[in-house]
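Q: Please take a close look at a single part of this structure, the surroundings of one aromatic residue, and explain how that part fits into the whole.

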Amino acid sequence: MSEMRPLIFGEVLFDHFPDGSTVLGGAPFNVACHLHGFGLNPLLITRIGDDEPGGRIEAAMRTRGMDCSGVQKDETYRTGMVQVSFAHGEPAYEIVDRVAYDFIDATRIPPLDGRWLLYHGSLALRHAASAAALEALKSRCENSRFVDINLRPPWWRKALVLKLLDGADWVKLNKAELAEIYPDAGSEAERVDRLLRQVRGQIVLTGGEQGATAISTTDCISVVPESASAVIDTVGAGDAFCSVFVAGQLLGWPLDVSMHRAQSFASAIVGIRGATPENREFYRHFTRDWGI
């Protein structure tokens with residue numbers, strides 16, 4: 001078992017689909033669910049509304065057996081919500097502003113002992129309260145940091161993103177996001193080089209159907225999706241990939257093993273509706289094969 005425990009910070013919300021269905025999501029929540037499915041006991045720091053959707057989130061976490069001690073309840077702001085639409089198979093998101101996860105309270109974070117692998121994104125930092133909570137979290141515990149960049153217009157600022165990247169141990173982003181962060185760079189290679197100067201470990205650069213590449217100053221390992229995968233929807237595929245990559249860091253897998261396992265799991269997730277399976281059996285096939 002890992003000496004580090006996963007510490008997940010950020011949004012939890014409901015995705016609302018065009019057919020009227022709702023699916024529990026948010027990248028940090030999805031990653032926490034997967035890590036729990038792998039038996040790695042994540043602690044999720046987030047905030048929900050004191051409302052019916054918030055109650056459904058808490059019930060879903062308890063049903064799964066997840067640690068709820070980091071889930072704050074807000075009596076003023078409602079639970080997070082996103083309207084999902086699709087164009088040419090790719091999801092687009094209308095993200096509701098000023099919801100509970102924008103106001104995570106630093107004073108209500110539980111005590112943190114030991115070593116942690118801290119995973120966070122960029123969306124939940126769009127307001128000052130949650131941004132301050134993350135800074136407090138980073139200062140309270142010994143941690144390595146995985147930054148999952150999700151640039152959702154209009155909810156990001158270049159200066160904030162560059163600050164988040166600085167000193168991160170791992171960064172995951174897609175090629176379009178890399179270009180948006182370094183618009184003045186002349187090529188993708190130059191953008192990668194500039195990002196590598198800020199990151200301590202690897203960059204995980206994703207490209208949808210083209211797969212993903214892990215890049216460091218010494219390694220470059222690429223993987224591609226399994227061609228036989230039946231795609232139901234692609235929501236949460238990147239989160240699935242991240243969760244396995246994080247698991248690999250916690251469990252000491254070689255980089256190429258982490259990348260191939262992450263791609264295999266992401267390829268399976270696009271075969272279900274939504275980002276996280278409710279049936280624990282879904283995970284047992286992977287944990288058995290991976291020996292965890």
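A: The account below begins with the model as a whole and then turns to the chosen residue, F38.

This is a predicted model, in which local features need pLDDT of at least 70 and side-chain atom pairs count only at pLDDT 80 or more, while totals for chains, interfaces and linings use all residues. Residues are numbered from 1 along each chain as its sequence is written, and side-chain values use heavy atoms, with hydrogens and water left out.

The protein contains nine helices and 13 strands; these are DSSP runs numbered from the N terminus, helices being H or I of at least four residues and strands E of at least two. Its radius of gyration, taken over C-alpha atoms, is 18 Å, close to the 19 Å given for 292 residues by the globule rule (2.2 Å times the number of residues to the power 0.38), so the protein is as compact as a globular protein of that length. Of the 292 residues, 56% are buried, where buried means under 20% relative accessible area with a 1.4 Å probe, counting protein chains only.

F38 belongs to the largest nonpolar core, which has 49 residues; F38, M259 and F265 touch the most other members. Such a core is a set of buried Ala, Val, Leu, Ile, Met, Phe, Trp, Tyr and Cys residues joined through side-chain atoms within 4.5 Å. Helix α7 (residues 237-251) supplies the largest share of this core, eight residues. Another core, of 37 residues, lies apart from it and includes L43, A106, C141 and V171.

Leaving aside residues up to four places away in sequence, F38 touches S243, V244, A247, F265, Y283, T287, W290 and I292, a contact being heavy atoms within 4.5 Å.

One of these neighbours, Y283, is also an aromatic partner of F38: the pair is edge-to-face, with 5.6 Å from centre to centre and 85° between the planes. Rings of Phe, Tyr and Trp (its six-membered ring) pair if their centres lie within 6.5 Å; planes under 30 degrees apart count as stacked, over 60 as edge-to-face and the rest as tilted. Because F38 lies in the loop between α1 (27-37) and β4 (43-49) and Y283 in helix α9 (residues 281-290), the pair ties together parts that are 245 residues apart in sequence. Both F38 and Y283 are buried.

The two residues also share one aromatic cluster with W253, F265, F282, F286 and W290. Within that cluster, W253 has R261 over its face, at 4.5 Å from the ring centre.

Technical notes
Buried < 20%, exposed > 50% of the residue type's maximum accessible area, 1.4 Å probe, protein only. Lys NZ or Arg CZ within 6 Å of the ring centre and 35° of its normal.
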